[in-house]
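Biologist: I am new to this structure and should like to understand the reasoning behind its description. May I put some questions to you?

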Amino acid sequence: MAENPLEARFIGAMLGTFIGDALGMPVEGWPPERIAGAYGSLEDLRGASIWLRLYGAVYGAIHDSGRVSGELPLGCGTYTDDTQMMIGVAESLAACGGFDGTDMARRFVANFDPCRGYGPGAMRAIAKLRQGIPWNRAGGQLFGRRGSFGNGSAMRVAPVGLFYGDDPPALRQAAELSASITHTHPLGLEGAAVQAYAVALAVRQLSGEAFLEEMRAFLRPDSEPFSRKLAAMEGLLRQRSSAREVVAVLGNGTESQESVPAAIYAFLSHPESFREAVVYAVSLGGDTDTIGAMAGAIAGAYHGADALPAGWLDMLENGAKGRDYIRNLARQLYERRAFASGPISDGL
Ligand code: R7I
Ligand code: MG
Ligand code: MG
């Protein structure tokens, strides 16, 4: 591929999101035991044939239940809302040379395809944006005006971690602002900041205790339960805990405070291989496409584009905003990043 190493990490993080999302999508909502029962252990899930096994089972289940395939509109190797919204974040940063809330919200609306499986809060936020409600007003109207703490703000945030990786205060500010378009709850903001910083740390080649130490310093002082879960990870890593034990401590749900720690743990427990980190992330069950997408972003940033299995890349959809588009978008983000300067206008 001959990209320079930093550019390769940008591509790795963005295509890594796509791979994890597509790999986790067929088993979203399944508990870890059901995934292990259907597909065997982690050992059995290695290799490109994982795609065919996952999708074969899902389509079989749909056929057996008599449901139309429209309920699962996405075929093998396709992405969901996680990657679709990440594309919007990256397009906006690359086009504007930094965070611009009006532009980013416009791209969320333009890219929106309900067949990609959006969360209910995000659907409502995007509908409000389409009606002309400003980008910094729509998200605050959700969930009784407390705002969403769903993981939708974190699942899409990898480009912020790449773009602002050298400047943690700017990274936090841009992550929180990008989150607030749809997720204004403090946990929704913190989840996005933590996931963006995880990507930045992975670009810097940090893993293990060094990663956790930097992350602890980055957290807001009041960022429970993120701080408690980060502390618990050290014990989980030492004990080589089972999926059930990990999920009992960290969670695997659609809330930011569950799936962001789960994704970070998937990377930290499998730092040696992109493939292992992502397969393990999906094997934790629950919000598998999103845990897979976020672990894929971190592991892809750490290992770079050349570490993504070629057989898996070949399986990814490659239409108008598919695999090649995302690769080029990552390159543009990398090019634009070099020229980024100045404070972010927050507009809040
Ligand atoms: O966060 P969001 O965009 O959803 C992302 C998820 C990912 O798994 C995607 O793959 C896709 O499947 O959807 O959408 P939201 O609806 O804002 O948040 C997701 C869920 O978190 C909500 O539907 C709620 O169940 C829960 N949630 C809350 N529950 C109670 N009170 C989020 N915020 C709240 C809250 O304030
Ligand atoms: Mg999804
Ligand atoms: Mg999901």
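Biologist: Which element gives the largest share of the shell around ligand 1?

Modeller: This is a predicted model. In it, H6 gives the largest share of the shell around ligand 1, namely three residues. The elements that give two or more residues to that shell are H4, H6, H7 and H16.

Biologist: What makes a residue part of the shell around ligand 1, and which residues are the closest?

Modeller: A residue belongs to the shell if one of its heavy atoms lies within 4 Å of the ligand. There are 22 residues around ligand 1, and Asp82, Gly121, Ser148, His183 and Asp287 are the closest. By kind, the shell divides into five nonpolar, 11 polar and six charged residues.

Biologist: Why is the pair formed by Asp287 and ligand 1 called a polar contact?

Modeller: The cut-off for a pair of N or O atoms is 3.5 Å. An oxygen atom of ligand 1 is 2.5 Å from an N or O atom in the side chain of Asp287, so the pair counts as a polar contact. For the side chain of Asp81, the corresponding distance from an oxygen atom of ligand 1 is 3.2 Å, and this pair is therefore a polar contact as well. At Asn151 a polar backbone atom is 3.4 Å from an oxygen atom of the ligand, which again satisfies the cut-off of 3.5 Å. Taken alone, ligand 1 exposes 690 Å², and the protein buries 82% of that.

Biologist: Why is ligand 1 said to sit in the largest pocket?

Modeller: The term requires that more than half of the atoms of a molecule lie within 2 Å of the grid points of the pocket. Ligand 1 sits in the largest pocket, so this condition is fulfilled.

Biologist: How much space lies in the largest pocket, and what lines it?

Modeller: The largest pocket holds about 560 Å³ of space. Its lining has 33 residues, and those closest to its centre are Asp81, Tyr118, Gly119, Pro120 and Thr254. Two or more lining residues come from each of helix H4 (81-96), helix H6 (120-130), helix H7 (152-155) and helix H16 (288-303). The lining divides into 12 nonpolar, 12 polar and nine charged residues.

Biologist: What makes the backbone at Pro225 and at Phe143 worth a remark?

Modeller: The peptide bond that joins Glu224 and Pro225 is cis, with omega at about 0°. Pro225 is found in the loop between helix H11 (208-218) and helix H12 (226-239). Phe143 is a residue other than glycine with a positive phi, near 50°, and its place is in the loop between H6 and H7.

How values were computed: Residues are numbered from 1 along each chain as its sequence is written. Chains are lettered from A and ligands numbered from 1 in the order in which they are written. This is a predicted model: local features need pLDDT of at least 70, side-chain atom pairs count only at pLDDT 80 or more; totals for chains, interfaces and linings use all residues. Side-chain values use heavy atoms; hydrogens and water are left out. On a 1 Å grid over the protein atoms alone, a cavity is a set of points where a 1.4 Å probe fits but cannot get out, and a pocket is an open set with protein on both sides within 12 Å along at least five of seven lines; lining residues have an atom within 4 Å of a point. Grid points are joined across faces, edges and corners, and a volume is the space filled by probe spheres set on the points. Helices (H or I, at least four residues) and strands (E, at least two) are DSSP runs, numbered from the N terminus. Ala, Val, Leu, Ile, Met, Phe, Trp, Tyr, Cys and Pro count as nonpolar, Asp, Glu, Lys and Arg as charged, and the others, Gly among them, as polar. A polar contact is a pair of N or O atoms within 3.5 Å; within protein, one must be able to donate a hydrogen and the other to accept it, and residues adjacent in sequence count only if both atoms are side-chain atoms. Accessible areas come from the Shrake-Rupley method with a 1.4 Å probe; for residues, only the protein chains shown count as cover.
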